[in-house]
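Please look through the sequence and the three-dimensional structure shown here, and then follow the explanation below, which moves from one loop residue out to the whole fold.

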Amino acid sequence: MRICTLRAVGDRDGSTTSSAAAPPTACGSVPSRAPALQLCLYVLMFSVWGSSFFFTSLALRSFNGFTVPVLRMLLAMLVLGAIVRIRGLRLPRNPVIWMHLAFLGALNIAVPYILLTLAQLHVHSSLASVLSATTPLFAFLFSWLLMRTERFNPMRALGLLVAFAGIAALYGFQPQTGGSFNAWALVIVVSSAMFAAGNVYTRRFLNAVHPFVIAFLQIGLGAFYLLVSGLLTGTLQIGTPSLISVLAILELGIAGSALTYLLFFHFIRLWGSTAASLNTYFQPMVGITLGVLVLGERVSATGWLSLATVLCGVVIFGIGSFLSLRRRPAAMAAPRHTSI
């Protein structure tokens, strides 16, 4: 799961880019006439990311909450490892960098993906997709508090207040249908905060490492943690899964984690970081549509009102971030990415 922007926004999978990998494109510059193929690829990117919670729900029909993230990350590791090898990228030799990557493997991959997957046993995929979109808000707050690289403006402040008011309302309401918004809804918000913390951490300590290498190694280490812990605790179970669950796992690992990551960097180089990052705000629409129309998820009117409040806050915050970034010189823009 998970979220992707410049400075203040992270993507769904928790990976990040470095400023060293950024093109000299001016931040926020969007071509007036993008080719049809590029627009189709852009729609594909945010649609695949937005459907991650939907496919996780399908995978959970046959696999337990510990097995799904293990298989997903193992597949993503294999695909990204092959890409790193084909491109001839070198792995870091500095043990300090490996220490940071080892920490990220837990903070950005193993722990949040376990939390997200377990939460989906209790929370609808449509609701999870909206709550997960709060990652940019936390990334901004952490950057502002810890690194002093971000500034408030009226739109950002309003977006934060509206979004967190929606979260508070969502957590407090107990709808009559569609399950209850209990502590598991809050777990999704916590996982989003972990993704955001990983973004800030990566920017602080791994700015010089190629983003593909960061993605490959942190996903690989995260998969290792998940696999070992699953084997030791006996929670890793395969059994006889259904075909639809197997296809869902393949989609999550290959398309939802590896392909989208590559597409994101393609658009950073083509359009600039801010334009590429706007996909974050389209993802919940995909998740809600699939959850309601395909899975038949039902939520009370009060619940939908709370989710709409959260989504409005995220969009308002995104507009404020976009306006703020357009005022900055291109040289100050350091692109970052999060949520495969």
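Where in the chain is the place of Phe-63? In this predicted model, Phe-63 sits in the loop that lies between helix 2 (52-59) and helix 3. Because its relative accessible area is 6%, below the 20% under which a residue counts as buried, Phe-63 is classed as buried. Neighbours within four places in sequence being left aside, Phe-63 is in contact with Val-68, Leu-71, Gln-237, Ile-238, Pro-241, Ser-245, Val-246 and Ile-249. One of these partners, Pro-241, is 178 residues away from Phe-63 along the chain, yet the C-alpha atoms of the two are separated by 7.0 Å.

Another of the partners of Phe-63 is Val-246, which belongs to helix 10 (residues 243-271). Val-246 has a relative accessibility of 31% and therefore counts as partly exposed. Together with Leu-243, Leu-247, Leu-250 and Ile-254, Val-246 forms a nonpolar patch on the surface, and the accessible area of these residues together is about 420 Å².

From the surface we turn to the interior. The largest nonpolar core has 52 residues, and those that touch the most other members are Met-73, Leu-80, Leu-101, Ile-188 and Leu-206. Two or more residues are given to this core by each of helix 3 (67-86), helix 4 (95-119), helix 5, helix 6 (135-147), helix 8 (183-205), helix 9 (211-233), helix 10 and helix 13 (301-326). For Met-73, the contacts beyond four places in sequence are with Ile-109, Tyr-113, Ile-219, Ala-223 and Leu-226.

Helix 5 (residues 125-132) deserves a separate look: 8 of its 8 residues are buried, so this helix is largely enclosed by the rest of the structure. Its buried residues include Leu-127, Val-130 and Leu-131, and also the serines Ser-125, Ser-126, Ser-129 and Ser-132.

Finally, the chain as a whole can be described. The protein chain contains 13 helices and 0 strands, and 55% of its 340 residues count as buried. Its accessible surface comes to about 13,600 Å², with 71% of that belonging to carbon and sulfur atoms. A disulfide is a covalent bond between the sulfur atoms of two cysteines, and a search of the whole structure finds 0 of them. As for individual cysteines, Cys-40 is exposed, because its relative accessible area is 52%, whereas Cys-312, at 44% relative accessibility, counts as partly exposed.

Notes
Residues numbered from 1 in each chain as written. Predicted model: local features only at pLDDT ≥ 70, side-chain atom pairs only at ≥ 80, totals over all residues. Heavy atoms only, no water. Patch = residues over 30% accessible without salt bridge, like charges linked within 9 Å, V, L, I, M, F, W, Y side chains within 5 Å. Areas by Shrake-Rupley, 256 points an atom, 1.4 Å probe, with all protein chains shown as cover. Salt bridge = Lys/Arg side-chain N within 4 Å of Asp/Glu carboxyl O. Helix = DSSP H or I, 4+ residues; strand = E, 2+ residues; numbered from the N terminus. Buried < 20%, exposed > 50% of the residue type's maximum accessible area, 1.4 Å probe, protein only. Disulfide = S-S within 2.5 Å. Core = buried A, V, L, I, M, F, W, Y, C linked by side-chain atoms within 4.5 Å. Contact = heavy atoms within 4.5 Å.
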